[in-house]
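Here is a short note to read alongside the structure. Please keep the view open and check each point as you go.

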Amino acid sequence: MRDAALLAAISSLGPFAANTYVPAFKAIAADLGVSMVAVQQSLSLYLACFAVSALFVGALSDAVGRKPVILGSTLIFAAASFGAMFSSSIEALYFWRMLQGTCAAVGPVISQAVIRDRWEGADAAKLIGLTAILFALAPALAPVAGGWITVLAGWPAVFAFLALFNLLVALLVLRCLRESLPAARRQSFRPRTLLSSYGVAVRHKAFMAGAVGHGFAFLGTILYSAGAADFVLHIMGMDVNSFGFLMVPLVAATMAGAAVGPRIMPRIGRWRLIFGGITVLILAGVGGILFEWKGLVAYPAVILFPMIYNFAVSAIRPVMNVMNLDWFPRNRGLAASIQQFCMTSAFCLASSVFVPLVMGEAWKYSAVMLGAALMTGLLWLVVRRASLRMCGE
C-alpha cells in the first residue's frame with residue numbers, strides 16, 4: 001500500500017506542475033515585461049516537451065530500470081524549478097519550463113509500468129485507476145494551490161514549492177521504492193530496436209485507437225483546467241482566490257466516478273461500462289450546449305454538465321488504461337509512453353488551440369466536451385471490432 005501511494009504521488013508531479021502557476025500569469029507578465037499570451041506559451045512549451053518525452057521515457061525505463069529514471073527525473077525537475085524561480089526574462093522561463101516538461105512525463109508513464117510489473121487483474125486496474133485519478137486531479141487542484149501561494153508569497157514561491165515537492169519525492173523514491181523490473185527482463189534501448197518496437201505499436205490498430213480515444217476522453221475534462229483562468233474570472237465572474245469553486249466540484253465528481261467504476265465493472269462487464277460511460281459523456285456535452293445556449297450560466301448550474309462528464313470519464317478511464325497496456329505485456333513501458341503521449345497531447349491541444357477558441361462562452365466549452373466524447377466513442381468502436389477479430393471475444 002505504501003508503494004501504491006508513492007506511485008500515485010509520482011504520477012501526479014508532472015500534471016500538477018503544469019497548472020500550478022496559472023493564477024500567477026498576470027504577475028509573471030508584469031514582472032518580466034511581457035504579455036499574458038507570451039506567458040501562456042510557457043505552458044504550451046512545457047506540455048509539448050511533456051508529450052515528446054513521454055514517447056521515450058518508458059522505453060528508457062525498459063532498458064535501465066524504473067527506479068533510476070524516476071529518481072533522476074525528479075532531481076532534474078527540482079533543479080529546473082529553482083531555475084524558473086529566479087528567471088529574469090521570458091526566454092529563461094521558457095528554457096526552465098521546457099526542461100521541467102521533459103522530466104514531467106516520467107511520473108505518469110513509469111508509474112503505470114511499475115504497477116503492471118507488480119500487480120495483475122483487478123488490483124492493477126484499481127491502482128492504475130488511482131494514478132489516473134491523480135493525473136486528472138493534479139492539474140485541477142494545482143490552480144487552487146498556486147493561487148494561494150501567489151497571493152501569499154508571490155509567483156517565484158510557486159516554483160520553490162515545486163522544487164521542494166520534487167526533492168521530497170526523490171528522497172522517498174530513494175528510500176522506499178523497490179525496483180520492479182529485474183535485469184533479466186530489460187529490453188534494449190538501441191535506436192533501431194526502439195524504432196522497430198514503436199513501429200509495431202503504431203501499426204497495432206486496436207492499441208492506437210484505444211490510446212487516442214483515451215486521450216480524447218481526457219481532453220473533455222482537462223479543458224476546464226487548461227481554461228480555468230478564463231472560466232473562473234470571465235464566465236463565473238469570480239477572482240483569483242476562487243479557483244476552488246470550479247475545481248473542487250470537478251474533483252469531487254472525478255473521485256466519485258473513480259469509486260463507482262471498479263464496483264460496477266464486475267457486474268456489467270468492461271465493454272458495457274465503457275460504452276455506457278461514453279453515452280453519458282455525449283449526453284453531458286449535449287446537455288451543456290442546450291442549457292448554456294439558453295443562458296443557464298450562473299454558478300453552480302454552469303458546472304453541472306462538466307461534473308457529469310468528469311464522473312463518467314473517471315469511471316471508464318482506468319479500464320481503458322489497463323486494456324491498452326495489456327496489448328504489449330513485454331513492452332508496457334513503451335505502451336505507457338505512447339498512451340501518455342496521447343493524453344499529454346490532448347492537454348496541449350486543449351491549452352493551445354481549444355481554450356483560445358472557447359474563451360468567454362460556457363456553451364463552447366460544452367461543444368468541445370461533446371466533440372471529445374464523440375471521438376472517444378468512434379475510436380473505441382474500432383477497438384471493440386479489432387478486439388473481436390484479434391482475441392476471438
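1. Terms and model. Buried means under 20% relative accessible area, exposed over 50%, and partly exposed in between, with a 1.4 Å probe and protein chains only. Helices are DSSP runs (H or I, at least four residues), numbered from the N terminus. This is a predicted model, where local features need pLDDT of at least 70, side-chain atom pairs count only at pLDDT 80 or more, and totals for chains, interfaces and linings use all residues. Residues are numbered from 1 along each chain as its sequence is written, and side-chain values use heavy atoms, without hydrogens and water.

2. Helix α5. Start with residues 90-104, which form helix α5. Its buried residues are Ile-90, Leu-93, Tyr-94, Arg-97, Gln-100, Gly-101, Cys-103 and Ala-104. The expected span of a helix is 1.5 Å times one less than its number of residues. For the 15 residues of α5 that gives 21 Å, and the end C-alpha atoms are 20 Å apart, so the two agree.

3. Ser-42. This residue sits in helix α3 (residues 36-64). Ser-42 is buried, because its relative accessible area is 0%. Contact means heavy atoms within 4.5 Å. Beyond four places in sequence, Ser-42 is in contact with Tyr-21, Leu-93, Tyr-94 and Arg-97. The last three of these are also listed among the buried residues of α5.

4. Polar partners of Ser-42. A polar contact is a pair of N or O atoms within 3.5 Å; within protein, one must be able to donate a hydrogen and the other to accept it, and residues adjacent in sequence count only if both atoms are side-chain atoms. The side chains of Ser-42 and Tyr-21 form one at 2.6 Å. The Ser-42 side chain also reaches the backbone oxygen of Val-39, at 2.5 Å.

5. Helix α8. Residues 156-176 make up this helix of 21 residues. From first C-alpha to last it reaches 30 Å, close to the 30 Å expected. Its buried residues include Val-158, Phe-159, Asn-166 and Val-173.

6. Glu-292. Which salt bridge partner would one look for here? Glu-292 is buried yet has no salt bridge (a side-chain nitrogen of Lys or Arg within 4 Å of a carboxyl oxygen of Asp or Glu). The nearest side chain of opposite charge, Lys-364, is 12 Å away; Lys and Arg count as positive, Asp and Glu as negative, while His and the chain ends are not counted. A polar atom of the Glu-292 side chain does lie 3.3 Å from the backbone nitrogen of Trp-363. Glu-292 is in helix α13 (residues 270-293).

7. Trp-293. This residue also lies in α13. Trp-293 is exposed, because its relative accessible area is 56%. Outside four places in sequence, Trp-293 touches Gly-288 and Trp-363.

8. Ala-373. Look next at helix α16 (residues 362-391), which holds Ala-373. Ala-373 is buried, because its relative accessible area is 0%. Past its sequence neighbours, Ala-373 is in contact with Ile-278, Leu-281, Ile-282 and Tyr-309.

9. Core and cis bond. A nonpolar core is a set of buried Ala, Val, Leu, Ile, Met, Phe, Trp, Tyr and Cys residues joined through side-chain atoms within 4.5 Å. The largest has 115 residues, and Phe-231 and Leu-246 have the most contacts inside it. Separately, a cis peptide bond joins Tyr-299 and Pro-300, with omega about 10°. Pro-300 is in the loop between α13 and α14 (304-325).

Definitions and conventions: Helix = DSSP H or I, 4+ residues; strand = E, 2+ residues; numbered from the N terminus.
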